[in-house]
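This report describes a protein model, with the sequence and the structure shown below. Please keep both in view while reading.

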Amino acid sequence: MHLFKKKNKIEKSLTNQVFGRNIVHMHVCDSTNEAAKRQSDMPHGTLFIADMQTNGKGRSGKSWESEKNCGIYMSLLLKPEMSTVDVSQITLVAAVAICRALEANTQIKWPNDIVIGTKKVCGILTEKTGDAVICGIGINVNTRAFPEEIWNIATSLYIETGKKHNRDYICAKVMNEFEELYDIFRTQGFGAIRDEYASLCTTLDKEVRLIRNNEEITAYAYGISENGELLIETEEGQFFVRSGEVSVRGIYGYV
Ligand code: BTN
């Protein structure tokens, strides 16, 4: 009964055709990305969503705080037509969709952290398995407090706005926006979304620290390429960096 209700609550706010029209809702799971991998034979656009995760995964082997009913923990199963699809670009597309959907003062810390001010409100973990791509999205919605290790870099919509937000409605809005942007991406490439991405990107027009292995350099971030790379300038000239190759930090902190 409960499972049926959750699906209906999300469906009510869907205005699209495909993304989230097929929903696998779990009260508890290890990680919605792992659940999607296990059922990657489900149709394109299937959404795996859980009330809590026991082993929520972040990028770079980190874990993702997944307290019960506080956040949105979901993974969208995609079956891109081209096998050569650039997974990191799908993540950038998702980031724009989430900013559109959240209706808060969100920005993107390149490549795919969604921040409000200097704190992270959402993370995206996109993974490829066979022909399928799994776009995992974690949004801190009604979280009231974070563990000590991350309180200074994490925030939630509740903390920022002082009110509770409807997770089903937000989830549906992300699906609506993501489908619209994914169609543009699929037919015209990331270049068609680049300007919107750049306008949301808080990393641009500032000095940033780039960390690769244990090396750190300072550079001026001046743009986003047609492919979603970060364009930087150092004393040695102009370069681009691909997501996954480096970590980017602000001069004084995380953003
Ligand atoms: C990051 O480190 O910024 C990425 C965090 C991604 C978290 C989401 S929550 C839903 C999905 N399932 C997971 O195990 N991880 C992603």
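The sections below go through the sheets, the helices, the cores and two loop residues of this predicted model.

## The seven-stranded sheet

Seven strands make up an open sheet with mixed pairing, and their order across the sheet is 1-2-3-7-6-5-4. Strand 1 (23-29) and strand 4 (106-109) are the edge strands. Each of these two has a single partner strand, so one of its sides has no neighbour in the sheet. From one strand to the next, the twist averages 20°.

Two pairings in this sheet can be looked at in detail. Strand 1 and strand 2 are parallel and share six bridges; among the residues involved, M26 has A50 in strand 2 as its bridge partner. Strand 6 (residues 119-129) and strand 7 (residues 132-139) run antiparallel and are joined by eight bridges. Here G123 is placed opposite G138 of strand 7.

Is strand 2 largely enclosed or left open by the rest of the structure? Six of its seven residues are buried, so strand 2 is largely enclosed. The cut-off used for buried is a relative accessible area under 20%.

## Helices on the sheet

Two helices are described here together with the strands they meet. Helix 3 lies across strand 3 (72-78), strand 4, strand 5 (113-116), strand 6 and strand 7. Its direction is at about 145° to that of strand 6. Helix 5 (residues 167-188) also packs on the sheet, where it touches strand 2 (47-53), strand 3 and strand 7. The direction of helix 5 makes about 30° with that of strand 3.

How do helix 3 and helix 5 lie relative to each other? Their axes come within 8 Å and cross at roughly 135°. Angles from 115 to 145 degrees fall outside the roughly perpendicular and roughly antiparallel ranges, and helix 3 and helix 5 are therefore oblique to each other. The crossing of these two helices is right-handed. On the helix 3 side, the residues that meet helix 5 include I90, V93, A94 and A97. On the helix 5 side, those that meet helix 3 include V174, F178, L181 and F185.

## The nonpolar cores

The largest nonpolar core contains 61 residues. Within this core, I139, F178 and Y197 have the most contacts. Which helix gives the most to this core? Helix 3 (residues 87-102) does, with twelve residues.

F178 shows how parts of the chain come together. Leaving out residues up to four places away in sequence, F178 touches F19, L76, L78, I90, V93, A94, A97 and C135. A second core, separate from the largest, has ten residues, including C29, F48, A50 and I134. A50 is also the bridge partner of M26 in the pairing of strand 1 with strand 2.

## The five-stranded sheet

Another open sheet has five strands in the order 11-10-9-8-12, and its pairing is antiparallel. Strand 11 (237-241) and strand 12 (247-250) are at the edges; each has a single partner strand, so one side of each lacks a neighbour in the sheet. The twist in this sheet averages 45° from one strand to the next.

Strand 9 (residues 215-224) pairs with strand 10 (residues 230-234) through four bridges in the antiparallel sense, and A221 stands opposite I232 of strand 10. Strand 10 and strand 11 are also antiparallel, with five bridges between them. In this pairing, E233 has Q238 of strand 11 as its bridge partner. A hairpin of two residues joins strand 10 to strand 11.

## Two loop residues

S225 sits in the loop between strand 9 and strand 10. Is S225 buried or exposed? Its relative accessibility is 11%, so S225 counts as buried. Leaving out residues up to four places away in sequence, S225 touches F190, R194 and L231.

N105 belongs to the loop between helix 3 and strand 4. N105 is exposed, with a relative accessible area of 66%; the cut-off for exposed is over 50%. Which residues does N105 touch, not counting those up to four places away in sequence? They are V115 and I116. N105 and I116 are eleven residues apart along the chain, and their C-alpha atoms are separated by 5.9 Å.

Note on methods: Residues numbered from 1 in each chain as written. Predicted model: local features only at pLDDT ≥ 70, side-chain atom pairs only at ≥ 80, totals over all residues. Heavy atoms only, no water. Core = buried A, V, L, I, M, F, W, Y, C linked by side-chain atoms within 4.5 Å. Buried < 20%, exposed > 50% of the residue type's maximum accessible area, 1.4 Å probe, protein only. Contact = heavy atoms within 4.5 Å. Pairing = 2+ DSSP bridges. Axes fitted to C-alpha atoms, helices over the stretch in contact; angles between N-to-C directions. Parallel < 35°, antiparallel > 145°, perpendicular 65-115°, else oblique. Left-handed = near helix turned anticlockwise from the far one by under 90°.
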